[in-house]
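Reader: I would like a close look at the aromatic rings in this model. Please take me through what they sit against, and then through a strand with neighbours on either hand.

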Amino acid sequence: MADYDVIVIGAGNGGISCAALLAKQGRKVLVLEQSDRVGGCCSTFVKDGYHFDVGASIVEVIYPIELAFKMLGTEFQKEVELIPCDPIYSYIFRDGSRVNYPLSLEGTAEVIGKLNEADGKQWYKLADYFAEMMKQTIEAFFTSPANNMVDMLKMVAKNPGILKFLPLFATSYQDVIKKYFKDEVVQQTMSFQSFYCGLPPELAPGFIALIPYSEHEGIYYPRGGMIQIPEAFRRIGESLGMELRFNAKVDKVLVRNRRAEGVRLADGTEITSKLVVSNVNAKKLYLEYIGEEHLPWINRVGMKSYEVSMSCMMMYVGCDYRPPLEAHHSLTIGPLQMMNDFWYNEYKNGQIPEDVYGLICWPTESDPALAPEGHHVLNIMGMGPYRLQGQSWDEEKMRVAEKFINELSKFAIPDLKDHVTVLEVSTPVDFERRLLSPGGAIYGLQMDIPAQAVFRPASRSKCIKGLYLTGASTHPGGGVPSTIASGLIASTLIEKYEK
Ligand SMILES: Cc1cc2nc3c(=O)[nH]c(=O)nc-3n(C[C@H](O)[C@H](O)[C@H](O)COP(=O)(O)OP(=O)(O)OC[C@H]3O[C@@H](n4cnc5c(N)ncnc54)[C@H](O)[C@@H]3O)c2cc1C
């Protein structure tokens with residue numbers, strides 16, 4: 001007799017949402033989390049009265065999250081207060097000038113139109129195209145299994161309208177943006193979102209160019225910090241009997257005759273279960289926790305062929321003044337070609353970028369209670385390769401962060417350097433230590449075309465019975481809504497196949 005019906009490894013969004021949904025199915029569920037909190041990349045920590053988000057800074061495309069809470073018998077916005085962000089983002093140029101995009105489509109058309117009249121009109125064409133894509137794919141693709149070709153055919157049969165968008169899988173993000181916009185400044189301000197899938201505009205799949213539109217359907221910040229989303233799943237799961245243990249690192253998945261039968265913890269304790277759900281990086285799961293000896297050769301080779309996604313550097317800044325910013329998100333990234341060049345010249349060569357490529361998140365603009373009165377929080381994300389050539393992140397990180405803040409003080413956030421009261425830095429290596437994500441990967445596995453949908457590690461394992469995957473490295477990929485969709489998909493598959 002197994003100790004539990006299901007053991008879930010990891011309490012990131014994919015794991016904790018799946019666990020709550022499985023508890024709702026009446027299963028005896030145990031969640032094992034190696035850190036001391038839920039949420040993984042979508043978590044929040046407190047230092048000296050400042051609340052810093054570990055990674056994720058906003059949530060958009062909330063349909064999968066709404067659906068998951070509905071399946072739990074409640075409503076997303078009853079469980080978590082969502083603060084709408086408007087403007088969506090402010091693009092800050094080296095001369096200090098800014099382009100701010102408001103939430104409304106009309107307002108954005110006006111801003112683009114001032115940069116280039118023809119592009120202002122084109123904006124409506126892009127918006128119409130991607131609004132239609134959202135309608136056709138959000139249910140059919142993002143919240144449905146993509147385990148095999150049969151699933152893909154079912155997707156199309158149920159919703160033939162999605163075929164119209166197939167060409168986006170054969171083109172790049174950059175090509176889509178260049179097709180719609182001719183002005184270089186417009187192209188620049190619409191291109192950095194390719195990094196939301198961990199790739200430069202030239203390599204990101206064309207369908208990611210949906211993001212500059214989808215943000216206009218609403219971007220939100222949860223009052224109390226990003227951790228409020230996984231905390232809501234935890235609260236509901238626990239009320240349904242789900243157990244959660246912190247500081248419980250899984251070292252091995254117990255496998256017999258190609259069936260998962262439980263886990264072994266780092267302290268040697270073995271816990272058995274009928275099913276195992278993994279919320280950890282799929283490459284690490286299969287090659288380390290399960291072990292190559294349990295994998296057929298084709299899965300062994302396949303798994304080794306995946307690349308882990310991009311890593312980054314986070315600077316968590318507490319400051320004693322109101323930073324002169326104009327939006328919850330501000331960007332300081334160069335022209336489109338520079339985004340591609342950065343990837344090949346610096347990121348791939350293990351160089352710390354010389355320029356200030358970054359995303360500045362200002363959560364206290366939306367929720368002032370996240371800092372002591374009169375103070376503010378800035379979570380600044382910089383690009384950073386995991387492996388540095390001839391340098392060590394531990395030795396370089398404070399120098400790099402201080403240089404970054406000094407540079408930002410010159411053109412983007414005047415006087416910031418004189419107002420910093422707290423500075424914490426998390427490098428790609430720290431991300432790996434904190435979340436056990438190999439290579440400090442922020443989206444699990446790379447999200448290029450060869451690793452999408454049916455080509456991504458399957459939600460229902462194809463080689464180990466009783467094993468299910470959630471999180472950024474399975475379909476539909478990285479991001480808060482996608483990983484919650486993955487939890488929802490795994491729970492639906494378990495309901496179907498594991499009576
Ligand atoms: C810097 C950054 C910025 C981002 N910005 C955004 C954003 O603004 N909007 C957005 O939608 N997405 C954003 N993302 C992506 C999004 O946060 C992630 O894709 C998503 O939260 C990942 O969820 P997950 O289910 O894959 O789990 P993860 O967050 O990867 O969590 C996995 C959990 O498993 C635990 N774990 C790992 N190994 C073990 C083990 N052996 N035993 C037990 N527990 C283990 C970890 O401690 C962790 O808690 C960002 C990510 C980062 C890093």
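Author: The charged end of lysine 28 lies over the ring of tyrosine 4, at 4.8 Å from the ring centre. A second case of this kind involves arginine 94, whose charged end sits over the ring of phenylalanine 411, 4.2 Å from its centre. Both are taken from a predicted model, and the same holds for what follows.

Rings also meet other rings. The count of aromatic pairs comes to 20. One of them joins phenylalanine 195 and phenylalanine 342, with 6.3 Å from centre to centre and 65° between the planes, an edge-to-face arrangement. Phenylalanine 195 belongs to the loop between α8 (184–189) and α9 (211–214), while phenylalanine 342 is in helix α13 (residues 336–347), so this contact ties together parts that lie 147 residues apart in sequence. Phenylalanine 195 and phenylalanine 342 are both buried. Elsewhere, one aromatic cluster is formed by Tyr89, Tyr91, Phe93, Tyr101, Phe192 and Tyr196.

Now the strand. Strand β16 covers residues 358–361, and both of its faces are covered. Gly358 and Ile360 are buried on one side, and Leu359 and Cys361 are buried on the other. Strand β15 (residues 329–332) runs antiparallel to β16 and is joined to it by four bridges. In that pairing, leucine 331 stands opposite leucine 359 of β16. Strand β17 (residues 376–383) also pairs with β16 in the antiparallel sense, over four bridges. There, cysteine 361 faces asparagine 379 of β17.

Key:
Residues are numbered from 1 along each chain as its sequence is written. This is a predicted model: local features need pLDDT of at least 70, side-chain atom pairs count only at pLDDT 80 or more; totals for chains, interfaces and linings use all residues. Side-chain values use heavy atoms; hydrogens and water are left out. Buried means under 20% relative accessible area, exposed over 50%, partly exposed in between (1.4 Å probe, protein chains only). Helices (H or I, at least four residues) and strands (E, at least two) are DSSP runs, numbered from the N terminus. Two strands pair if DSSP finds at least two bridges between them. Rings of Phe, Tyr and Trp (its six-membered ring) pair if their centres lie within 6.5 Å; planes under 30 degrees apart count as stacked, over 60 as edge-to-face and the rest as tilted. A charge sits over a ring if NZ of Lys or CZ of Arg is within 6 Å of the ring centre and within 35 degrees of the ring normal.
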